Each structure stands twice: as structure tokens, then as C-alpha cells.
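Let's take a walk through this one together. Have a look at the fold below, and then we'll go from the overall picture down to a couple of particular spots.

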Amino acid sequence: MEQLSGRLIVYFYDPFWVGIFERVENGKLSVAKVTFGAEPKDYEIQEFIIRKYYRLKFSPAVDTVVKEGKRNPKKLQRDAKKMVLEKGICTKSQQAIKLLQEQNKLERKVKSREQKEAEELRLFELKQQKKKEKHKGH
């Protein structure tokens with residue numbers, strides 16, 4: 001049976017408010033990081049989730065342990081507050097964010113290399129064309 005769960009952690013990371021979307025699917029954790037800017041209101045977060053959640057770019061999946069069972073919502077609230085005050089986001093999420101950053105870095109590197117090669121090819125062809133025009137003029 002496929003299991004899917006998710007949560008959103010919003011915290012202040014000077015000078016911006018940041019949201020970490022965690023998605024656990026079949027024991028694999030993947031995360032997406034969103035910078036909100038000013039402190040988001042509840043309705044703004046809800047609107048963001050409704051309109052833009054499907055566009056989020058999640059990190060590669062990382063193995064994680066999933067705890068099951070019902071928990072008291074008040075205890076969940078206390079635990080969440082304590083977790084944020086102590087250390088911010090969990091280390092598994094940080095690992096997943098790091099993987100996402102590395103993946104984005106590689107993509108940017110490949111894209112910029114392709115652009116550079118395309119520009120060099122364009123300039124080479126331009127030079128060749130100018131040479132042909134110069135020889136035709138003589």
C-alpha cells in the first residue's frame with residue numbers, strides 16, 4: 001500500500017520567512033524550499049498551496065523512518081514548537097535541500113556550457129561567412 005504524507009514548516013531565516021515543504025512517499029523524504037519574504041498569513045499559505053504546490057520542485061528522495069499511529073494534536077503542536085525553537089528544520093530535510101541545490105547547480109552548469117558553445121559556434125559561422133563574402137568581392 002502506497003503511503004503519502006506531507007507537512008509545511010515555516011520559520012524566520014533572517015531577513016526572510018522560509019517554508020519547507022516535506023513530502024514522505026513510501027519511506028522516502030523529498031523537500032522543496034520556498035522563500036516567502038514577509039511573514040505569510042494563514043490564508044496566504046493556503047492560497048500558495050492551492051495555486052502553486054504542483055509547481056514546486058522537490059529534491060531527490062532520501063530514505064527516512066516513518067512513524068505511524070495517531071497522536072494528540074496538542075502534543076503535535078507542542079512538539080512542532082519545540083522542534084523549531086531548538087533546531088529549525090530536521091536534518092533529513094536539510095540533506096534533501098542540499099541534494100536539490102547540487103542538482104540545480106549541475107543543471108545551471110550544463111545550461112551555461114551549452115549557451116557558451118552555441119555562442120562560440122555562432123561567432124565561428126559568422127567569421128566563415130565574412131571570409132566567403134571577402135573572397136567573393138575580389
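Start with how the chain meets itself: if you take contacts between residues at least 6 apart in sequence, 53% of them join residues at least 24 apart. Keep in mind that what you're looking at is a predicted model.

Now for the layout. The protein chain has three helices and four strands, and from the N terminus on they come in the order β-β-β-α-β-α-α. As for what is tucked away, 20% of the 138 residues count as buried. On the outside, the protein chain exposes about 11,600 Å², with carbon and sulfur atoms supplying 53% of that area.

Let's zoom in on Ser-30, which you'll find in strand β3, the stretch covering residues 28–37. Is Ser-30 buried or exposed? Its relative accessible area is 5%, and anything under 20% counts as buried, so Ser-30 is buried. Who sits around it? Leaving out residues up to four places away in sequence, Ser-30 touches Phe-21, Glu-22 and Arg-23, and also Phe-58, Ser-59, Pro-60 and Ala-61.

For a surface feature, head over to helix α3, which spans residues 91–137 and includes Lys-109. Which residues join Lys-109 in a positive surface patch? Its partners there are Lys-98, Lys-105, Arg-108 and Arg-113. To find the patch in the viewer, pick out Lys-109 in helix α3 and then highlight those partners, Lys-98, Lys-105, Arg-108 and Arg-113.

Conventions
Residues numbered from 1 in each chain as written. Predicted model: local features only at pLDDT ≥ 70, side-chain atom pairs only at ≥ 80, totals over all residues. Heavy atoms only, no water. Helix = DSSP H or I, 4+ residues; strand = E, 2+ residues; numbered from the N terminus. Buried < 20%, exposed > 50% of the residue type's maximum accessible area, 1.4 Å probe, protein only. Contact = heavy atoms within 4.5 Å. Patch = residues over 30% accessible without salt bridge, like charges linked within 9 Å, V, L, I, M, F, W, Y side chains within 5 Å. Areas by Shrake-Rupley, 256 points an atom, 1.4 Å probe, with all protein chains shown as cover. Salt bridge = Lys/Arg side-chain N within 4 Å of Asp/Glu carboxyl O. Lys, Arg positive; Asp, Glu negative; His and termini not counted. Charge placed at Lys NZ, Arg CZ, Asp CG, Glu CD.
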